[in-house]
Amino acid sequence: MSRAAAATSVNICMDYGITHINVRVVNKSGVEIAAGDWSCELHAGIIQNVPAGADYTIRITGTVTGIPNAWRGEKSGISVMSGVETSAGLISMTYIGDDNTPPFVDSTNPKPEATGVPATSTIIAAFSEKMAASSINDSTFRLNNGATTVNGSVVYDSTRGRAEFHPSGILSYSTTYTATLTTDIEDMAGKKMASVYEWRFTTEDQPLPGTIPEAPAGLIAASGNSQIKIAWDAVPAASFYNVYRAENTGVTKTTGTKISGITSPSYTNTNLINGKNYFYVVTAGNGFGESPESVEVASAPVLIDTNPPSGSVIINDKAFFTASTDVNLLLLSTSPVGISQMCISNTPACSSWEPYTSSRLWILPPGDGFKVVFAWFEESNGNRTSFFVDDILLDSTPPVDGMLTVTAGVGQSSLSWSGFADVTSGIGVYKLVYSTNGIPDSCSSGTQIYSGPETSYIHSGLISGTTYYYRVCAVDNAGNVSAGVF
């Protein structure tokens, strides 16, 4: 529970004077099907006799002495199975005791009187405050083509505070549509919109023959319980979208599992494993072909996500050392509303935000030593995380060579070496090569007979009268190879 300018509370019931919690369960039509109540001090309760069904909304109100329904919260999308106790999870409450201002539409997408709107667009209206989800449905949010009502589904995204109309198919080309929001839409305090809100927009012209759409942009992966919702910007000339999913970074059309038949710029991937990372790219297509892949995004579904977004930055797949300033970053963040932007830096200061992608090439500062990469993430609602870090040891300098001693014997050579050094990442292994045609030019030429941490080796099975030439090199833990000695 939260209230403007309120301090962190140990016992919100006592601090805010909330005495009683009342609960109503309503179906998607707003009809009450069950109710309950309990003392606020219990911080939890069980609602009895709820019939099996889906898409229920739970509304809770908190009573302060002398002020009925001063606190209000709700949670939608609850499904109940017969004979099974269902956990609704945590329900946040907002103070609405002094809310006398009717809600209003803050922005829309497409904008009023917009032209050239992609035919696959989702119609969105963002509100001035948090709304009652059960009051936003296909009766209160409509889309019309003249006198004809467009078929589609309506959802309320409570985390972003916006209503979404998803047409059941692509819209007609070169057509003006009217979107309408009625006064039956309520905020969390039960205040209705003061007036009907309408706006118009016109769709794009039919694509010219041979036009292939561009790759989708603006990808967002929002995490939920056993599911991830992928959303992107509608693409001009597109009539369908394909989503490709993989369990490792680097997903492409050929490596990912294809999910096709999508006609709007979003897709919810269900039946996933909570806590596991999934990687996605999206393509746009029409009768003339399919676009290249979008940038890759990733997220992990979670059982209950009430915390700020989590995140991580991983350099070179968790390697300890690198010999090059060019590295690859794996950038992962889990958010209930999706990550829209990220900021990468070699210092603790963020200087430039860019669209989110789960994989990115990066350049470390020059000079051997520990290097730290910082990453920030921004949710699609504008909330930003603190930074996440990873480090790696940069060692671009080959080891210093030592000396090699060779002692000939009957049918064998005894070799030993010493004096090699590497002050940054340390020596990992030695490579020993030989040739009968002269001294090997490097340890990548000649025949390798040993690679490992030991500093001696017996080369046996040799032919008497044949001259054997040797070179030994040191390889540090970052992969740099010394010139070698012979």
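Visitor: Is D157 buried or exposed?
Guide: In this predicted model, D157 has a relative accessible area of 15%. Buried means under 20%, so D157 counts as buried.

Visitor: Which residue forms a salt bridge with D157, and how far apart are the closest N and O atoms?
Guide: The partner, R160, is partly exposed, with a relative accessible area of 21%. Between R160 and D157 the closest N and O atoms of the salt bridge are 3.5 Å apart.

Visitor: Which residues are joined into one network by salt bridges that share partners?
Guide: Side chains of opposite charge can pair when their charged atoms come close. Here the salt bridges with shared partners join R162, E164 and K229.

Visitor: How many residues apart in sequence are E113 and R200?
Guide: The two form a salt bridge, with the closest N and O atoms 3.7 Å apart. E113 lies in the loop between β6 and β7, and R200 in strand β14, so the pair ties together parts whose separation in sequence is 87 residues.

Visitor: Is E113 buried or exposed?
Guide: The cut-off for exposed is over 50% relative accessible area. E113 has 52%, so E113 counts as exposed.

Visitor: Which residues make the nonpolar surface patch of about 230 Å²?
Guide: One of them, F387, is found in the loop between β29 and β30. At 39% relative accessibility, F387 counts as partly exposed. The patch is made by V372, F387 and V389.

Visitor: Over which residues is the pLDDT below 50?
Guide: The protein chain averages a pLDDT of 90. Where pLDDT is low, the predicted coordinates should not be read in detail. The stretch with pLDDT below 50 is residues 1-10.

Note on methods:
Residues are numbered from 1 along each chain as its sequence is written. This is a predicted model: local features need pLDDT of at least 70, side-chain atom pairs count only at pLDDT 80 or more; totals for chains, interfaces and linings use all residues. Side-chain values use heavy atoms; hydrogens and water are left out. Patches are made of residues with over 30% relative accessible area and no salt bridge: like charges are joined within 9 Å, nonpolar side chains (Val, Leu, Ile, Met, Phe, Trp, Tyr) within 5 Å. Accessible areas come from the Shrake-Rupley method with a 1.4 Å probe; for residues, only the protein chains shown count as cover. A salt bridge is a side-chain nitrogen of Lys or Arg within 4 Å of a carboxyl oxygen of Asp or Glu. Helices (H or I, at least four residues) and strands (E, at least two) are DSSP runs, numbered from the N terminus. Buried means under 20% relative accessible area, exposed over 50%, partly exposed in between (1.4 Å probe, protein chains only). pLDDT is the predictor's confidence in each residue, from 0 to 100. Contact means heavy atoms within 4.5 Å.
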